[in-house]
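Ever wonder how a label like "buried" or "salt bridge" gets earned? Let's take a few of them and check each one against its cut-off.

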Amino acid sequence: MHQFPVLPSLIAVSVLLMVTPVIGYRPWPHLKPNSSDLTLGSSKKFEGSSEFVQMRYHMGPVLTANITVHIVWYGRWKKSQKKIIREFINSISAVDAKHPSVAGWWKTVQLYTDQTGANISHTVHLGEEKNDRFYSHGKKLTRLSIQSVIKSAVTASTKPLPINPSSGLFLLLTSDDVYVQDFCGQVCGFHYFTFPSIVGYTLPYAWVGNSAKLCPGVCAYPFAVPKYMTGFKPLKSPNGDVGVDGMISVIGHEIAELATNPLVNAWYAGQDPVAPVEIADLCEGIYGTGGGGSYTGQLFNDKDGATFNMNGIRRRYLVQWVWNHILNYCTGPNALDQ
């Protein structure tokens with residue numbers, strides 16, 4: 001990945017972030033109480049909808065080299081929680097997983113190319129990890145302080161995270177007692193790139209928070225539902241942790257968009273690069289065939305009643321589908337998982 005030749009000053013960047021929403025994501029459409037969108041099938045974002053979508057390539061770099069995901073664990077995390085997330089990331093390239101698989105889902109992401117025709121890398125693997133269990137920047141983070149957390153991780157005196165702008169991604173995960181700017185209200189996760197004026201490098205990164213204590217009905221849907229959605233019962237999570245199982249789909253969403261739009265100048269719909277609509281944004285709330293509105297689509301249930309839509313190496317997950325720009329609609333692992 002190439003660094004920008006010219007970047008604005010820190011003051012200008014600060015102003016930009018204050019007035020401009022960083023690319024963010026919620027696991028289901030932003031519905032309002034008593035909204036007609038709560039009625040099954042009323043959303044225009046059907047599985048096969050292409051009426052308003054023009055996904056275009058804007059000539060920026062995409063991640064065609066083997067992708068390494070470096071994790072910063074911010075706050076206090078259980079070993080079991082870390083294991084669920086690690087196995088999901090490692091499942092992205094696990095071609096021998098049972099169908100439908102996480103690897104099959106990633107094949108849609110691989111369809112995207114750069115200006116030379118090179119595809120997004122098939123290989124995504126877990127890199128180095130850094131623990132920040134003592135909340136080095138407090139329990140309330142802004143979008144700029146998130147970059148400072150990443151700086152601390154890559155410049156640490158002991159075991160700093162490696163820097164590889166061409167294929168390395170940084171995933172900052174905050175525990176369930178940490179609040180991040182706009183968390184729960186507008187976003188459950190977002191991605192962007194670091195500023196050399198703060199971190200020293202231009203590096204693609206994503207943040208995803210554990211919503212278990214703060215807003216599970218917003219960010220861990222459908223394993224929790226908002227109080228105003230009367231009549232809707234939460235589904236049983238596949239790994240027994242509502243907060244972390246909810247994070248998995250957001251992590252998948254952000255990694256897919258980092259791969260296809262790492263510097264916010266590659267693949268997106270619309271004319272505004274400041275607030276682009278990316279490949280996972282177009283499939284908000286769609287997890288299976290027929291999905292749209294408040295309906296997730298057709299899903300699977302295991303023998304214990306837990307809900308999932310794809311298999312990992314040893315676990316099952318519920319992950320949102322992504323936009324297939326060739327077919328011009330959202331697809332999941334079944335479309336290419338063969």
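**Labels and the reasons behind them**

This is a predicted model. Leu327 sits in the loop that runs between strand E15 (322-324) and strand E16 (329-331).

Q: Why is Leu327 called partly exposed?
A: Its relative accessible area is 42%. Buried means under 20% and exposed means over 50%, with partly exposed in between. So Leu327 gets the middle label.

Q: What makes the nonpolar surface patch that Leu327 belongs to?
A: Ile326, Leu327 and Tyr329 make it, and the patch covers about 280 Å². A patch residue needs over 30% relative accessible area. Leu327, at 42%, is over that, so it meets this part of the rule.

Q: How do you know that Glu87 and Arg314 form a salt bridge?
A: Look at the gap: their closest N and O atoms are 3.5 Å apart. The cut-off is within 4 Å, so the pair counts.

Q: What does that pair tie together?
A: Glu87 is in helix H2 (residues 79-91), while Arg314 is in the loop between strand E13 (310-311) and strand E14 (316-317), so the bridge ties together parts that are 227 residues apart in sequence. There's also a network of salt bridges here, linking Glu87, Arg314 and Arg315.

Q: Why does Glu87 count as buried or exposed, whichever it is?
A: Glu87 has 7% relative accessibility. Buried means under 20%, so Glu87 is buried. Its partner Arg314 has a relative accessible area of 63%. That is over 50%, so Arg314 is exposed.

Q: What makes Lys139 and Asp177 a salt bridge?
A: Same kind of check: the closest N and O atoms are 3.4 Å apart, and within 4 Å is what's needed, so they qualify.

Q: Why are Lys139 and Asp177 given the label they have for exposure?
A: Lys139 is at 42% relative accessibility, and Asp177 has a relative accessible area of 28%. Partly exposed lies between 20% and 50%, so the label fits Lys139 and Asp177.

Q: How do you know that Lys213 and Asp176 form a salt bridge?
A: Their closest N and O atoms are 3.8 Å apart. That is within 4 Å, so this pair counts too. Lys213 is at 62% relative accessibility, which is over 50%, so Lys213 is exposed.

Q: How many salt bridges does a search of the whole structure find?
A: Six.

Technical notes: Residues are numbered from 1 along each chain as its sequence is written. This is a predicted model: local features need pLDDT of at least 70, side-chain atom pairs count only at pLDDT 80 or more; totals for chains, interfaces and linings use all residues. Side-chain values use heavy atoms; hydrogens and water are left out. Patches are made of residues with over 30% relative accessible area and no salt bridge: like charges are joined within 9 Å, nonpolar side chains (Val, Leu, Ile, Met, Phe, Trp, Tyr) within 5 Å. Accessible areas come from the Shrake-Rupley method with a 1.4 Å probe; for residues, only the protein chains shown count as cover. A salt bridge is a side-chain nitrogen of Lys or Arg within 4 Å of a carboxyl oxygen of Asp or Glu. Helices (H or I, at least four residues) and strands (E, at least two) are DSSP runs, numbered from the N terminus. Buried means under 20% relative accessible area, exposed over 50%, partly exposed in between (1.4 Å probe, protein chains only).
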